[in-house]
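The following exercises ask you to read helices, buried residues and contacts from a structure, and each one is followed by a worked solution. Please try each task with the sequence and the structure before you before reading on.

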Amino acid sequence: MNAMRCGYENETIRALQTGAWSETLINHRKSCAACREAEVVAKALRQDASDLAAQHTPPPSALVWAAAERHRRMAALARATRFLRVLQIAGVIYAAVLVVWGLHSLAGHGGMILPGLDAKSLNATIEGVGLAVLFVGSGLWYALRRDERRIS
Amino acid sequence: MTLAESITNYAASTGQEASAHDEAAFQLIYDATARPLWAYLLRVSGRRDVADDLLQETYCRFLGRKAGGSELAMNEAETRSYLFRIATNLLRDRWRHGESAFDGDEQGELIVDVASAGEDPAAKMDVRRVMQALKPRARQLLWLAYVEGMSHTEIAEATGLSALSIRLLLFRARRHAAGLLKPGTMETR
C-alpha cells in the first residue's frame with residue numbers, strides 16, 4: 001500500500017457521505033491507519049460544514065441575480081465604449097498631427113519649407129484646417145461629454 | 001422543477017435579456033449550492049466579509065459565463081463543481097493580491113457563533129482552530145476532498161495544480177490536520 005494514499009480512501013470518504021459501509025471496507029478500515037486518519041478528518045470537517053451551512057442564511061437569490069445583471073450590463077457597456085475610446089484617442093492624435101502639419105505649412109509659406117504655397121493654397125489650407133478642427137472637435141466634445149455624464 | 005431540470009433549462013435558454021424563467025432556474029441552483037459554497041469560502045478565507053463578497057462574485061461569474069455564450073450543458077454535480085472552481089480561483093486571486101487577513105481572526109472578523117454551535121462547541125472550535133493553523137491551500141484541499149468529495153483530478157482542475165501535487169499536498173494536509181485534531185493538541189499550541 002502506498003504510504004501517501006490508500007486505494008480505499010475514496011471509498012471510505014464516499015461511505016462516510018452515503019453511510020453505506022461494505023464488509024470489505026469495514027475490515028480494511030481496521031487495518032489501515034491512513035483510512036482511519038482520513039475518516040477522522042473528514043468527519044470533523046463535514047460536521048463543521050453542516051453546522052456552518054445550517055447557521056448561515058445566504059442573501060436572497062434575487063439580490064444576487066440583480067447584482068449579476070448589473071455586472072453583466074457594466075461589462076456590456078465597457079465593451080460598447082471601447083470603440084468610442086479608440087475613436088477619442090485617434091481623434092486626439094489626428095488633431096495633434098493636424099496642428100503640427102498646419103504650423104509646418106505656415107512656416108513653409110514664410111519661405112522656409114514650402115516656397116510654392118501661394119495665397120490661394122494658404123486659404124484652402126486654413127479652410128481645411130478649420131473644417132477638420134470643427135469635425136474632430138465636435139466628435140470629441142460629444143464623446144467626452146457622454147463620458148462625463150455617465151460618471152456623474 | 002427539480003434541480004437537474006432547472007440546470008438543463010438554465011443552460012439551454014438563450015438571449016441576452018434575463019427572463020423570469022432563467023431567474024427561477026437560477027434560484028434553484030442557488031438554493032442548492034449557496035450554503036455549502038459559503039461554508040467553503042468562510043473556512044478557507046477565515047473571514048465572513050470575504051466569504052460574503054466572494055459568494056456573490058462567484059455567482060456573478062457563473063451567470064456571466066452563460067451570457068458569454070457558452071451553452072455548455074452541465075449536470076448537477078458539474079454545476080456544483082464548476083461553482084467551487086470559480087470560488088477557488090477567486091480565493092486564489094484574493095491572496096495573490098495580499099489579503100493577509102486570511103490567516104487569522106484577531107480582528108474579530110471570524111466567524112463561528114459558538115453559542116449556537118450545538119451540542120459540542122469545543123469540538124467545533126477545534127475544527128475552526130485546526131483550519132486556522134493550516135495554510136489556505138491546505139484548507140482548500142482538505143475541504144474539497146473530504147467535504148465535497150472531489151477526486152484528485154477534480155481538485156487539480158479547480159486549483160490549477162497537478163494531480164500528483166494534489167496527492168502529496170493533501171497527504172501532508174491530512175496528516176497535519178489529524179495531528180491537530182487529536183485531543184489536547186490545540187491547547188498546547
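**Exercise 1. Determine which helices of chain B the buried residues of helix 7 of chain B pack against, and on which side of helix 7 these residues lie.**

Solution. The model is a predicted one, and the first step is to list the buried residues of helix 7 of chain B, which spans residues 152-159: they are His152(B), Glu154(B), Ile155(B), Ala158(B) and Thr159(B). These residues cover an arc of only 160° around the axis, and therefore they lie on the same side of helix 7 of chain B. An α-helix has 3.6 residues a turn, so residues three or four places apart point the same way. The next step is to look for their partners, and the buried residues of helix 7 pack against helix 4 (76-96), helix 6 (136-147) and helix 8 of chain B. Finally, just after helix 7 of chain B, the backbone at Gly160(B) takes a positive phi of about 80°.

**Exercise 2. Decide whether Arg85(B) is buried or exposed, and find its contacts beyond its neighbours within four places in sequence.**

Solution. Begin by placing the residue: Arg85(B) belongs to helix 4 of chain B. Then count its surroundings: because 20 other C-beta atoms lie within 10 Å, and 20 or more are needed, Arg85(B) is buried. Once neighbours within four places in sequence are left aside, Arg85(B) is in contact with Glu157(B) and Ala158(B). As a last step, compare sequence with space for one of these partners: Arg85(B) and Glu157(B) are 72 residues apart along the chain, while their C-alpha atoms are separated by 7.5 Å.

**Exercise 3. Carry out a similar analysis for Ala33(A).**

Solution. Ala33(A) is found in helix 3 of chain A. It has 12 C-beta neighbours inside 10 Å, and because a residue with 12 or fewer counts as exposed, Ala33(A) is exposed. For the separation in space, take Cys6(A), which is 27 residues from Ala33(A) in sequence and 9.3 Å from it, C-alpha to C-alpha.

**Exercise 4. Describe each chain by its helices, its buried residues and the sequence separation of its contacts.**

Solution. Start with chain A, which has five helices and zero strands, so that reading along its sequence gives the pattern α-α-α-α-α. Of its 152 residues, 11% are buried, and among contacts between residues at least 6 apart in sequence, 56% join residues at least 24 apart. Turn next to chain B, which has eight helices and zero strands and whose sequence therefore reads α-α-α-α-α-α-α-α. Here buried residues account for 39% of the 189 residues, and 66% of the contacts between residues at least 6 apart in sequence join residues at least 24 apart.

**Exercise 5. Work out how helix 3 of chain A packs against helix 8 of chain B, and which residues meet there.**

Solution. Two packed helices are described by the angle between their axes and the distance between the axes. For helix 3 (residues 33-55) of chain A and helix 8 (residues 163-181) of chain B, the angle is about 70° and the axes are 9 Å apart. Since angles of 65 to 115 degrees count as roughly perpendicular, these two helices are roughly perpendicular to each other. On the side of helix 3 of chain A, the residues are Glu37(A), Ala38(A), Val40(A), Val41(A) and Ala44(A), and they meet Arg174(B), Ala177(B), Ala178(B) and Leu181(B) in helix 8 of chain B. Sorted by character, the residues of this contact are seven nonpolar, no polar and two charged.

**Exercise 6. Find how many residues each chain gives to the contact between the chains, and which element of chain A gives the largest share.**

Solution. Chain A gives 31 residues and chain B gives 38 residues. On the side of chain A, the elements giving two or more residues are helix 1 (9-18), helix 3 and helix 4 (61-109), and the largest share, 14 residues, comes from helix 3 of chain A. This side divides into 17 nonpolar, six polar and eight charged residues.

Conventions
Residues are numbered from 1 along each chain as its sequence is written. Chains are lettered from A and ligands numbered from 1 in the order in which they are written. This is a predicted model: local features need pLDDT of at least 70, side-chain atom pairs count only at pLDDT 80 or more; totals for chains, interfaces and linings use all residues. Axes are lines fitted to C-alpha atoms, for helices over the stretch in contact, and angles run from 0 to 180 degrees between N-to-C directions. Helices (H or I, at least four residues) and strands (E, at least two) are DSSP runs, numbered from the N terminus. Angles under 35 degrees count as roughly parallel, over 145 as roughly antiparallel, 65 to 115 as roughly perpendicular and the rest as oblique. Two residues are in contact if their C-beta atoms, placed from the backbone, lie within 7 Å. Ala, Val, Leu, Ile, Met, Phe, Trp, Tyr, Cys and Pro count as nonpolar, Asp, Glu, Lys and Arg as charged, and the others, Gly among them, as polar. The arc is that of the directions from the helix axis to the C-beta atoms.
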